[in-house]
Amino acid sequence: MKVSMLYSKIHRAYVSDANLNYNGSITIDVELMKAAELYEGQKVDIVNINNGERFTTYVIEGKSGDICLNGAAARKVQIGDKIIIIAYAQFSKEELKNYQPKIVLVDEKNKIIQIKKELR
């Protein structure tokens, strides 16, 4: 049996742009992607702290500080909104014995301030 668990998240990132005319996705700073072990094309959930919206999209690589919602997802955010970017993975019971999610905390410019390996 496999269990769906939090794999990694970028917590309280600030939306730097919203581009309605781009094919859908979320553009994420490549350094944040590396820190959170996210991959281009990977499915992620987005939670908008400001308005409560929750939606799913996929990741594309961006430049320093980028957190940009593209396409239809651009309608679910405003520039400056705080969001949580969440990735899940399937783990076996054996893998869960060593389970540690990766939590990337960022500042208001989307620069890494801490990386944790715990849920709390």
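The side chain of Thr57 reaches the backbone nitrogen of Ser25 at 3.5 Å. The model in which this polar contact appears is predicted. Thr57 is found in strand 5, and Ser25 is found in strand 3, which covers residues 25–29. Thr57 has a relative accessible area of 12%, under the 20% limit, and is therefore buried. Leaving out residues up to four places away in sequence, Thr57 touches Gly24, Ser25 and Ile26 as well as Gln42, Lys43, Val44 and Ile46.

Ser25 is also buried, because its relative accessibility is 0%. Its contacts, again without neighbours within four places in sequence, include Thr57, Tyr58 and Ile60. Cys68, Leu69 and Asn70 are in contact with Ser25 too.

Two of these residues can now be taken together with their annotation. An unreviewed UniProt entry places the feature "active site" at Ser25 and Tyr58. The two positions span 34 residues in sequence, but their C-alpha atoms are no more than 5.0 Å apart, so they gather at one spot. Tyr58 is found in strand 5. Is Tyr58 buried or exposed? Neither word applies: with a relative accessible area of 35%, Tyr58 is partly exposed, because that class lies between the limits of 20% and 50%.

The side chain of Tyr58 reaches the backbone oxygen of Gly24 at 2.4 Å. Gly24 is also among the residues in contact with Tyr58 once neighbours within four places in sequence are set aside; the others are Asn23, Ser25, Ile26, Gly41, Gln42 and Lys43.

A second annotation involves Thr57. For "binding site", the unreviewed UniProt entry lists Thr57, Gly71, Ala72 and Ala73. These positions span 17 residues in sequence, yet no two of their C-alpha atoms are more than 10.0 Å apart, so they gather at one spot. Ala73 is found in the loop between strand 6 and strand 7. Its relative accessibility is 10%, so Ala73 counts as buried.

The strands that carry these residues belong to a sheet. Nine strands form an open sheet with mixed pairing, in the order 2-6-3-5-4-7-1-8-9. Strand 2 (17–19) and strand 9 (112–116) stand at the edges; each has a single partner strand, so one side of each is left without a neighbour in the sheet. From one strand to the next, the twist averages 30°.

In general, strands of a sheet pair through backbone hydrogen bonds, in either a parallel or an antiparallel way. Strand 3 and strand 5 run parallel and are joined by four bridges. Within strand 5, Ile60 stands opposite Thr27. Strand 4 and strand 7 run antiparallel, with four bridges between them, and Asp45 has Ile86 of strand 7 as its bridge partner. Strand 1 and strand 7 are likewise antiparallel, joined by 10 bridges. Ala13 stands opposite Ile83 in strand 7.

The nonpolar packing comes next. In soluble globular proteins, nonpolar side chains tend to be buried together. The largest nonpolar core here has 23 residues, of which Ile10, Ile26, Ile28, Leu38, Ile83 and Ile85 touch the most other members. Elements giving two or more residues to this core include strand 1 (2–14), strand 3, strand 4 (43–48) and strand 5 (54–62). Strand 6 (67–70), strand 7 (82–92), strand 8 (102–106) and helix 1 (30–36) do so as well. Helix 1 gives the most to this core, with four residues.

What does Ile10 touch, apart from residues up to four places away in sequence? Its contacts are Ile28, Leu32, Ala36, Leu38, Ile83, Ile84, Ile85, Val104 and Val106. There is also a second, separate core of eight residues, with Leu6, Ile84, Phe91 and Tyr99 among them.

Key:
Residues are numbered from 1 along each chain as its sequence is written. This is a predicted model: local features need pLDDT of at least 70, side-chain atom pairs count only at pLDDT 80 or more; totals for chains, interfaces and linings use all residues. Side-chain values use heavy atoms; hydrogens and water are left out. Buried means under 20% relative accessible area, exposed over 50%, partly exposed in between (1.4 Å probe, protein chains only). Contact means heavy atoms within 4.5 Å. A nonpolar core is a set of buried Ala, Val, Leu, Ile, Met, Phe, Trp, Tyr and Cys residues joined through side-chain atoms within 4.5 Å. UniProt positions are given in the numbering used here, feature names are shortened, and annotations may be inferred rather than shown by experiment. A polar contact is a pair of N or O atoms within 3.5 Å; within protein, one must be able to donate a hydrogen and the other to accept it, and residues adjacent in sequence count only if both atoms are side-chain atoms. Two strands pair if DSSP finds at least two bridges between them. Axes are lines fitted to C-alpha atoms, for helices over the stretch in contact, and angles run from 0 to 180 degrees between N-to-C directions.
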